[in-house]
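Q: Please take a close look at one part of this model, the sheet and what packs against it. I would like a connected account of the strands, the core and the charged pairs around them.

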Amino acid sequence: MNVRPLLVCALLVLAACGPRNIPGTQIADTNDSRAILKVMEQYRAALEARDAKALQGLISKSFRDNAGTDDPADDLTYENIPEALPALFSRIDPPRLTMDVRKMDVRSNGVATVIYYWNATWRAPGLLDKPQRDAELEQMVLQKEDGQWRIVAGF
């Protein structure tokens, strides 16, 4: 009896039973990963729409971003986003933003880390003559709160 065809069939069956990824990514296809990708898309759309209320709806009440400075006056928090972002948004035309999620680590403690590459173009009339472009690899941290994924860091 030739055992080789049986081994090939067994390997194919085992390979088919492995974890599935979201098409076009290396991200495991789970309810949590799909929910996190949805939050990332809502974040992108809210930035393009310059919608501070929508952004506030995506973040945790414990969210804090220091804007890369030591000055607490420019920190963003859950409480001050509805007032702080409209002033910032008013200085730019609606941006165009693409995001490519590269890696996602969803831990059993309800915390997820997302590594993503973003590419943005925007205009700042009155401040800069030419359209601006920026691209960077970033990290965002989300936490599951009351069954919903919320951004806690990396805004």
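A: The account below goes from the strands to the helix and core, then to the salt bridges and one buried serine.

The model is predicted. Its open sheet has four strands, in the order β3-β4-β5-β6, and the pairing is antiparallel. At the edges are β3 (96-106) and β6 (148-153), each of which pairs on one side only. Direction ignored, neighbouring strands of this sheet are turned by 35° against each other on average. Strands of a sheet pair through backbone hydrogen bonds, either parallel or antiparallel.

The pairings can be followed across the sheet. Between β3 and β4 there are ten bridges, in the antiparallel sense. In this pairing Asp-105 has Thr-113 in β4 as its bridge partner. The two strands β3 and β4 form a hairpin with four residues between them. Gly-110, in the turn of that hairpin, has a positive phi of about 85°. The antiparallel pairing of β4 and β5 extends over twelve bridges, and here the bridge partner of Asn-119 is Ala-135 in β5. Strand β5 (residues 132-145) is joined to β6 by five bridges, and these two strands also run antiparallel. Opposite Leu-142 stands Ile-151 in β6.

Helix α2 (residues 31-49) packs on this sheet and touches β3, β4 (111-122), β5 and β6. The direction of α2 makes about 155° with that of β3. For the helix side of this packing, Ile-36 gives a residue-level view. Leaving aside neighbours within four places in sequence, Ile-36 is in contact with Met-104, Val-106, Ala-112, Val-114, Leu-142 and Trp-149.

Ile-36 and Leu-142 also appear in the largest nonpolar core, which has 29 residues. The members that touch the most other members are Ile-36, Tyr-43, Val-114, Tyr-116, Leu-142 and Ile-151. Two or more residues of this core come from each of α2, α3, α4 (81-89), β3, β4, β5 and β6. Helix α2 gives the largest share, six residues. In soluble globular proteins, nonpolar side chains tend to be buried together.

The charged pairs come next. Side chains of opposite charge can pair when their charged atoms come close. Eight salt bridges are found in the whole structure. One of them joins Glu-48 and Arg-96, with the closest N and O atoms 4.0 Å apart. Because Glu-48 lies in helix α2 and Arg-96 in strand β3, this pair ties together parts that are 48 residues apart in sequence. Glu-48 counts as buried because its relative accessible area is 18%, under the 20% limit. Arg-96 counts as exposed, with 51% relative accessibility, over the 50% limit.

A second salt bridge involves the end of the β3-β4 hairpin region: the side chains of Arg-107 and Asp-105 meet at 3.1 Å, N to O. Both residues are partly exposed, Arg-107 with a relative accessible area of 34% and Asp-105 with 36%. Salt bridges that share partners also join Glu-41, Arg-44, Glu-48 and Arg-96 into one network.

Another salt bridge is formed by the side chains of Arg-64 and Asp-75, at 3.6 Å from N to O. This pair links distant parts of the chain, eleven residues apart, with Arg-64 in strand β1 and Asp-75 in the loop between β1 and β2 (76-77). Arg-64 counts as exposed at 53% relative accessibility, whereas Asp-75 is buried, with a relative accessible area of 10%.

The last residue to consider is Ser-60, in the loop between α3 (52-58) and β1 (64-65). Ser-60 is buried, with a relative accessible area of 1%. The side chain of Ser-60 makes polar contacts with two other side chains, that of Ser-62 at 2.9 Å and that of Glu-145 at 2.6 Å. Not counting residues up to four places away in sequence, Ser-60 touches Tyr-78, Glu-145, Arg-150, Ile-151 and Val-152. Among these, Ile-151 is also one of the core residues that touch the most other members, and Ile-151 stands in β6 opposite Leu-142.

How values were computed: Residues are numbered from 1 along each chain as its sequence is written. This is a predicted model: local features need pLDDT of at least 70, side-chain atom pairs count only at pLDDT 80 or more; totals for chains, interfaces and linings use all residues. Side-chain values use heavy atoms; hydrogens and water are left out. Buried means under 20% relative accessible area, exposed over 50%, partly exposed in between (1.4 Å probe, protein chains only). A polar contact is a pair of N or O atoms within 3.5 Å; within protein, one must be able to donate a hydrogen and the other to accept it, and residues adjacent in sequence count only if both atoms are side-chain atoms. Contact means heavy atoms within 4.5 Å. Two strands pair if DSSP finds at least two bridges between them. Axes are lines fitted to C-alpha atoms, for helices over the stretch in contact, and angles run from 0 to 180 degrees between N-to-C directions. A nonpolar core is a set of buried Ala, Val, Leu, Ile, Met, Phe, Trp, Tyr and Cys residues joined through side-chain atoms within 4.5 Å.
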